[in-house]
Amino acid sequence: MGFLTQTFNGLVGGSFYALLALGLAVIFGMLRVVNFAHGAFYMLGAFGAYVLLAEAGISFWWALLAVPVVLGLLGILLERTLIRRLSALDPLYNFLLTFGLTLMLQDVVKSRYGSQSNPYGAPAGLRGTVDLGLFDFPAYRVFVFGVAVLLCVGVWWLLTRTRVGTVVRAATERPELTRALGIDVGRWIAPVFGFGVALAALAGVLAAPMRAVNPLMGADLIIGVFAVVVIGGLGSVFGSVAAGFGIGLLQAWSEAYGPGLLAQTLIFLVMALVLLFRPAGLFGREELPT
Amino acid sequence: MLRIEGLSAWHGEAQVLRDVDLFVERGEVVTLCGRNGAGKTTLLRCVMGLHGNQTGAVHLDGDDITARKVHQRARRGLGWVPDDRGAYATLTVAEHLTLPPVVGPAPWSLEQVHEAFPALYTRRASPATKLSGGEQQMLALARVLRMGATVLLCDEPTEGLSPLLVQQVGEILRRAKALGVTVLLVEQNIHFATTVADRHYLLAEGRIVGHFDNTDIHSREADLLAHLGI
Amino acid sequence: MKKTLAAGAALCVALSGCGGGGPRGGGDSKLTGDKIVLGVLNDQSATYAQLSGKNSVEAVKMAIEDFKAKYGDKAVTKNITVESADHQNKPDVANTRASEMYDRLGVDAILDVPTSSAALKVADVAKAQKKLYFNISGATTDLTGKSCNKYTFHYAYDTAMLANGTGTAATQAGAKNWYIVYPDYAFGQDMEKSFKAAITKGGGTVVASDPTPFPNDNFSTFLLKAPTLNPKPDVLGTMQAGADLVNVVKQYNEFKLRDKGVGLAVGLMFLTDIHSLTPDALAGTTFTDAWYWNFDAENRAWADKFSARTGGQRPTFAHAANYSAAMQYLEAVQAAGTDDADAVVKQLEGKKVNDFFLRNGEFRAADHRVLHDAYLAKVKPGSEVKEPWDYEQIVKTIPAQDAFRAPSADCKL
């Protein structure tokens, strides 16, 4: 029983890795930008939920809808005004730009709300525990897992079963060829960036009831998410999701049954092994030379 | 019709095309011959708008499209068949055929495509990179025909194909030509070129060094082979 | 004669170019540069910024103003200033900033320095430079153990005090079986050791003890594990601090451990942590405080002055201790008539004092541990909170002599 509980718990923990890695993968695929600001958008998502509740009395459920939309639009604006300008240069410049953005966003939030953690609780209907047959589990965490799975499946459906998905996959894999086939790839870049940002924001809203809401909450998490993305294969959507849930599982198991030191270094250990033996990631493909 | 005027292009410091002029009439098949490195692929990329560092002008049906973006050129009827066959690993064969928009007045229907290329129907759910080289080449051609492209820019479509498949490519090109499609064909296989082309341009070190009708091919054969280094 | 000398010296300073010998700014003042500079070195942007941070700089300014008001013209100098810097909780940054403060900014005494590893680095700098250092918000007992030195005083609290209070008291109150989780770095390891000792001393047992990553936002594995341990622990002792603590408590409530019979004891908690988590999330949680703003009228009076200058925030013990340390240092300089570090240390060693922070205070000469009363506290449920920041109920005052450990044999001054 303990093992099953810990296993499910690992999947819940992996939900956040999966959602964040998914957004990073979609963005990287389309823009070839490693969006360092992803953690900051996650933080803004959680803060959005907190601010809406504390200053306007707006509930978790509305925040879950509104915050990703607003931050997604902000992402589109950001792509149009800043990121696009650097797209012709070495991707490193956009990495630096988003790193700078991260620091700015963190400091803006810090100067307005301070660096302490802010209170935010689970929505009224999800404060109890639910009986999952074999074990009880906090209802809110079950909900988070459900949302994460739904979103991952939804994005997979969007990418594989819709016209938009075909275009995004094509533009991700071979942008030049796709343009030469009459598709205005540029038109899709900002929305895809916005979509990735919205996913991060949504993960942030989901995190608010169960994690400390403070300006640095994304900064620590994003390093782990980068490792997940590397393990899954940079730009591989399926790989990111699989690696996200997989790392969540491994962490829970190693924390519960392994020595303390292993749990802390596991994610980076796995990353190092993957880089040694499969540099393109478990599900990644080698970049085609251009 | 397609007309190129005073086209020059550079790779970094190195000039790869020097003041190229050429034209292809509507419904004509014209080959561009030359050794490796003569600038043939760069020329096609320039027409498509994919090569950044270039001067000169490209006219399509009387309009100057030099300032047009890549996807706008495609939408004006340019169909690119790249030298690597342009297969996506993440798209199925069927998705390859439906990905590009219809850009011309006479696009092939899916039925026509499947009839002409039965393999593309049986393999429709496979990732395109799992197809054989020949099948991938057929897919690249089918894709631009499905778009209804009026000007095909084919970059060595017969390279690496078996004689049987080369023959098949020839049939497709003749069939397209019969429907009024214009083709600019980069080709090293002279014998194949003579079976489909109306005219030939000879490119050497980025310059047009020869231009003759297919009917003159025998009188100019020595000239041609000398330039191709065969 | 003396008068002329002083006038001459004053003229010298005014013209700032007397070629002759003799110490600059001489006169009867024995202060370097004729001024006192206090340096507040702490976290001004991250986890520990709220519990101390910039408001501690404000507290030190209050101390300077109060000192000047108290002594007026008799003050050893009127030129007392504060420098402050952000060490970002990084030992190497703390090291650089501390050297900079002593060397370049003419700082006479450094105050605060949270994060144990950074606190220890600054102690080394103080020792090397022979300048004073009052650590306020660092917790490690090494400051008065193997890393102690003549110029370092550990002012407000340490892990032994926390463990003595919370560990021993809670065990004696009936929580016999403990499950400890601690962040895997110097502070957490030190806390775990201290708590284990205190719990055993109180007659309890540590059933299990797990290190956790630092920082960490997901403690669910440990919280799921807690009730399945054998024997089942009566209490979960968390040694996390800052945002990590917020995560533990939030998730402790989510997993309903209190309903499962596992209580919560927090190793180190600041008033600001309760504010972040809301008292309801922590209601009934036991912890040890070094000072509480609403304990009595004297504390409250100072807290009111502090809040008026900081936008309504009530002070944590770190804010109060920074004020107190600044004041005690200035008093010592006043008494010694010089800012010479050795003379000030001589003034302070063994000194018994009472101020609103140091109740029954003593600058213990043996190891430079500053002793004072500590408090065993409980978090009030939201329904009992009468005003903002009114979160603590003081259960018991732990007398200064019992609150801290005996001088360590590792410390050789």
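Two residues are in contact if their C-beta atoms, placed from the backbone, lie within 7 Å. This is a predicted model, in which local features need pLDDT of at least 70 and side-chain atom pairs count only at pLDDT 80 or more, while totals for chains, interfaces and linings use all residues. Residues are numbered from 1 along each chain as its sequence is written, and chains are lettered from A, with ligands numbered from 1, in the order in which they are written.

**Exercise 1.** Work out how many residues chain C and chain A bring to their contact, and which helix of chain C gives the most.

*Solution.* Start with the totals: chain C and chain A each bring 29 residues. Next, look at the elements of chain C (DSSP runs numbered from the N terminus: helices are H or I with at least four residues, strands are E with at least two). Strand E7 (205–212) and helices H7 (220–225), H8 (242–254) and H9 (271–277) of chain C each supply at least two residues to the side touching chain A. Of these, H8(C) gives the most, with six residues.

**Exercise 2.** Describe the contact of chain B with chain A, beginning with its residue counts.

*Solution.* Count first: 19 residues come from chain B and 14 residues from chain A. Then find the main contributor on the chain B side: helix H2 (residues 70–75) of chain B has the largest share, four residues.

**Exercise 3.** Now turn to chain A: what is its secondary structure, and why is it called as compact as a globular protein of its length?

*Solution.* Chain A has eleven helices and two strands. Its radius of gyration (over C-alpha atoms) is 19 Å, close to the 19 Å from the globule rule for 290 residues, so chain A is as compact as a globular protein of that length. That rule is 2.2 Å times the number of residues to the power 0.38.
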